[in-house]
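Student: Hi, could you go through this model with me? I'd like to start with how the chains meet.

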Amino acid sequence: MADAPSHRDAAKGRLPTLKGTLTHAHLRDAFALDARAASLYGYFARIAEIEGYPEVASTLRELAEQKAMFADGHLDFLKKAGEPLTGRSIGETVRNIEAAVLIEAQDAADRLPAHARTAHAEGFPDIASWFESVALARHHHHARLQSAKEDAR
Amino acid sequence: MTTQNSGYSAADIKVLTGLEAVRQRPAMYVGSTGPSGALHLVYELVQNSVDEAMAGHCSRISVRLDGDGHITVSDNGRGIPVGIHPTEGRPAIEVVLTTLHAGGKFGSPSASGSTAYGIAGGLHGVGVSCVNALSDDFTVTVQRDGSTHAIAFHRGALVQPLARTGNADQTGTSVRFRPDSTIFEGVTLDVRTLRRRLQEQAFLHPGLTVALTDARGREDKLETFRYDGGIASFVGHLVADRTPLHPQPIAISGEHEGHQLEVAIQWTTAYAEETLAYVNAIFTSQGGSHVEGLRSALTRVVNARARTEGMLHDDADEQIAGYDVREGLVAVLSLKMHDPEYEGQTKSTLTSHSATAAVEQVVEAALERWMTEHPTAATAIVGKALEASRARAAARRASERARYQSIDQVVSKEVYKQQFGIRSKNWHQSASWITDDAILSTQADMWDGPDDARVLDVCCGSGVVGNAFRGTVGHITGLDLTPEMIAMAETRLDVVQQGDVYDMPFEDNQFDLACNREVLHLLPRPDIPVGQIFRVLKPGGTFIVSQLVPYGPEDAPWFFRIVKKKQPLFFNNLMAEDMVKLLEDAGFVDITMKELICWEDIDIWIDTWETPNLHRHEIRQLYYDAPAEVRRVHPFEIRPDGGILDQWRWVVLRGRKPSA
């Protein structure tokens with residue numbers, strides 16, 4: 001399906017490239033939406049379980065599972081054009097790990113510490129501390145992925 | 001003997017294929033090859049005896065533990081049949097002990113009305129043959145029809161065919177076995193858990209006597225359980241160390257479409273909920289549909305009562321959530337039903353839908369009636385739920401207010417007073433870590449100053465931290481915010497002053513030693529009180545502070561979520577390195593740090609008003625679902641009953657204010 005040529009490209013006899021197209025943007029959006037929903041529904045399910053709605057919880061868990069699968073499906077198409085967080089092309093483990101190293105480095109090095117500073121400035125010391133805690137773990141993840149990169153070589 | 005054995009071996013081959021599967025994958029049948037698996041073997045046999053009791057044929061069950069690892073489970077039931085099995089052509093007992101899924105409980109009760117058991121809990125795992133397969137010595141003695149018979153096995157293989165060994169003037173079955181040490185390697189039996197389990201069975205079956213003899217030591221220890229009061233006395237037993245809201249447990253029994261139900265409930269002034277649920281006398285540790293039925297009945301009745309009594313704010317459409325209704329609840333539920341359905345092999349969760357409706361209807365009707373008959377108790381129960389619900393909202397507001405006010409570093413004392421006032425007093429007196437000797441003595445040991453020193457215990461709480469220095473110092477002053485804590489601290493310290501850590505009511509250079517434990521993480525700006533402590537210390541004075549910290553980057557975010565759910569005023573997830581930096585930045589020098597660990601039952605820690613019931617459940621869930629990265633660095637244990645023991649990491653730091 002991904003390789004279905006558009007009318008114009010078909011006329012020229014070649015396959016269109018996904019990178020930079022509207023469809024590429026739509027796939028990235030769809031990935032963001034479904035990956036978030038999967039996480040969100042898992043969270044909702046745990047609360048439903050505690051509040052005593054086991055049926056609701058299992059519905060939510062099943063939906064979360066499906067959403068996670070949808071997200072995988074979006075990635076299937078995004079491999080070549082680039083995964084949504086760094087834009088790097090992925091597929092085989094060596095490339096995947098390289099992308100993952102970049103993702104962790106980005107968050108730990110810039111984004112999260114900056115978020116923590118903003119939270120402090122805006123008067124949310126607990127949220128700042130949360131960002132800092134996550135940043136610490138991210139540093140650690142970065143190191144683990146670095147060594148995984150060695151293993152994958 | 002040898003020829004006889006070879007004569008049996010042909011028939012044994014077929015049987016052994018079944019039991020060999022058990023030996024190959026023991027964990028699949030008994031849960032694990034660790035301590036809980038070994039316990040499971042005992043339960044399996046006890047459960048068979050309990051089934052005899054439920055069928056009305058047994059009044060006494062005894063368990064005996066011997067020093068050589070043998071365990072004996074005996075009852076005075078009917079005795080396992082010893083006659084020749086009509087289709088197998090072997091003694092029925094041999095078939096039962098060597099065949100998976102053989103026994104008297106498989107017949108359909110409706111077909112002929114003549115099965116040996118009505119409702120039975122047994123078939124726990126796969127029955128007694130499983131225990132046989134996993135034992136290196138397994139001997140059964142049966143007393144039946146005036147005779148005593150015996151049969152013996154080794155790892156599921158017959159070594160002593162059924163033989164009459166004497167006369168008998170009573171009936172019963174006695175199984176003496178030893179878990180196979182090649183499977184349960186180095187496992188010792190958890191006697192405490194076994195004891196609790198046996199006591200539970202005595203509670204669940206009024207009139208049944210359950211005895212436990214521990215003959216492993218130099219003297220035999222015999223304990224006998226018998227409770228004619230049934231599950232109401234079970235609740236009474238559970239409530240014993242709490243304060244009940246109403247004097248007697250509410251005892252409910254009833255029947256609904258083939259479900260026999262007994263429930264006993266009692267609300268207490270505690271915060272945690274304890275609900276134990278059983279289906280056909282088997283403990284369902286993760287609850288399930290029967291517990292859901294109980295919960296929704298309680299929520300509905302308490303809300304209805306609150307509304308008719310005019311206790312809810314109608315204009316705000318106020319409702320009491322289920323987890324607030326269950327705050328401080330102690331409940332035991334025993335359901336008997338045919339063909340219960342469970343999730344998974346270990347029967348930890350009941351999934352039969354019919355149970356929800358049955359429990360809900362019986363409990364709702366009975367509780368409503370009880371509340372009408374006991375209006376004072378009913379008001380206390382509803383009032384407590386309402387208080388829980390409103391306290392939760394207040395706690396949320398408190399943390400929000402603290403947050404906004406911290407922008408300009410004005411922190412409302414009221415917020416902290418609200419949090420650490422009267423409701424935290426009980427907890428302050430009971431939490432074991434607060435008086436943990438290791439932490440207190442580590443702090444005290446770090447003090448090497450003169451014995452006439454003046455000490456300041458900052459945020460002294462009940463005063464135990466300052467008091468730990470007693471004998472090595474001269475005079476101890478406490479500082480705290482709430483009148484409740486000050487009153488408590490005054491029993492331990494020389495003088496206690498009411499005041500604020502952001503602006504301490506003391507002149508500069510007053511104290512030789514300042515101590516503080518577990519406070520800095522609760523303040524939006526921990527650097528301010530550390531600076532204040534530096535100010536009020538004399539030059540050369542010592543600051544000793546301890547703090548609960550995560551193990552490392554792996555568990556830091558997880559730990560953050562747990563503590564934040566426990567304590568809405570948690571603002572700083574301080575790491576050990578952050579503590580050092582806080583002291584350095586304030587000007588302290590010669591900083592040393594000690595680390596110590598302390599096992600803590602988290603129930604003590606989260607059983608407090610500041611932790612809403614929902615959060616308590618979420619905290620437990622965080623432990624149950626802890627990511628592998630967290631588990632690798634942060635030790636904790638989940639007990640079979642779902643309880644959690646956490647290994648806390650404390651750091652104790654000492655810094656010195658430079659001499660002038």
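Student: How many residues does each chain bring to the contact?
Tutor: The contact takes 17 residues from chain A and 24 residues from chain B, where two residues are in contact if their C-beta atoms, placed from the backbone, lie within 7 Å. Please keep in mind that this is a predicted model, in which local features need pLDDT of at least 70, side-chain atom pairs count only at pLDDT 80 or more, and totals for chains, interfaces and linings use all residues. Residues are numbered from 1 along each chain as its sequence is written, while chains are lettered from A and ligands numbered from 1 in the order in which they are written.

Student: And which helix gives the most on the chain A side?
Tutor: H5(A) does, with 10 residues; helices here are DSSP runs (H or I) of at least four residues, and strands (E) of at least two, numbered from the N terminus.

Student: New topic: what is chain A built from?
Tutor: Chain A has five helices and zero strands, and 23% of its 153 residues count as buried.

Student: Why does B:Ile93 count as buried?
Tutor: B:Ile93 counts as buried because it has 23 C-beta neighbours inside 10 Å, and the rule asks for 20 or more other C-beta atoms within 10 Å, with exposed meaning 12 or fewer and partly exposed in between, the C-beta atoms being placed from the backbone.

Student: Where is B:Ile93 found, then?
Tutor: B:Ile93 sits in helix H4 of chain B, residues 92-98. Leaving aside neighbours within four places in sequence, the contacts of B:Ile93 include B:Ile80, B:Val140 and B:Leu162.
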